[in-house]
Amino acid sequence: MEINSFFKSIVDSDDKPIVICNREHIIIYMNPEAIRRYENSGGDKLVGKSVLDCHNAHSVEVIRKVADIFAASKDINKIFTYHKDWNGADSDVYMVALRDENGEYIGYYEKHENRIHDKSETFKL
């Protein structure tokens, strides 16, 4: 089994939306949670389209600026972009640079991190 199957499995099992874009802002992959979360905007039909078309003018400006920063500096790989309450899930949202084996910028993805402490019971072994 090739390593890409493992990476896809990690992305697909994440319970937060992950939208992966190339340098040209084209959506190249959405995990199942992203497809579900953005169903009203087109869901899986957004793959192959520009992520810029899914955002207002201010957000487009932010996305472009962050992408330019990623392209200009190999040292900057994660930037906080905004905070959002998604139906009770208090989330910080980041853009994260994707880089090839030489550290060259190849794209980015959107990452959500919850601020709410997980109160689930710890798994008992």
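Ile10 counts as exposed in this predicted model, because its relative accessibility is 55% and the cut-off for exposed is over 50%. This residue is part of helix H1, which covers residues 3-13. Ile10 also helps to build a nonpolar patch on the surface, together with Ile3, Phe6 and Phe7. The area of that patch is about 440 Å².

Let us move on to Ala71. Ala71 sits in helix H3 (residues 57-72). With a relative accessible area of 42%, Ala71 is partly exposed. Which residues does Ala71 touch, not counting those up to four places away in sequence? They are Arg23 and Tyr105. There is also a link in space to Glu104: the C-alpha atoms of Ala71 and Glu104 are separated by 7.8 Å, while the two residues are 33 residues apart along the chain.

Here are the two residues side by side.

| Residue | Relative accessible area | Class |
|---|---|---|
| Ile10 | 55% | exposed |
| Ala71 | 42% | partly exposed |

Now for the pocket. The largest pocket has a volume of about 600 Å³. Its lining is made of 26 residues, and the closest to the pocket centre are Tyr38, His55, Ile63, Tyr82 and Glu110. Which elements each supply at least two residues of this lining? Helix H3 does, and so do strands S1 (19-22), S2 (27-30), S3 (78-86), S4 (89-99) and S5 (105-114). If you are looking at the structure, H3 is thus a helix to find twice: it holds Ala71, and it supplies at least two residues to the lining of the largest pocket.

Note on methods. Residues numbered from 1 in each chain as written. Predicted model: local features only at pLDDT ≥ 70, side-chain atom pairs only at ≥ 80, totals over all residues. Heavy atoms only, no water. Patch = residues over 30% accessible without salt bridge, like charges linked within 9 Å, V, L, I, M, F, W, Y side chains within 5 Å. Areas by Shrake-Rupley, 256 points an atom, 1.4 Å probe, with all protein chains shown as cover. Salt bridge = Lys/Arg side-chain N within 4 Å of Asp/Glu carboxyl O. Helix = DSSP H or I, 4+ residues; strand = E, 2+ residues; numbered from the N terminus. Buried < 20%, exposed > 50% of the residue type's maximum accessible area, 1.4 Å probe, protein only. Contact = heavy atoms within 4.5 Å. 1 Å grid on protein atoms, 1.4 Å probe; cavity = no way out; pocket = protein on both sides within 12 Å on 5 of 7 lines; lining within 4 Å. Points joined across faces, edges and corners; volume = space filled by probe spheres on them.
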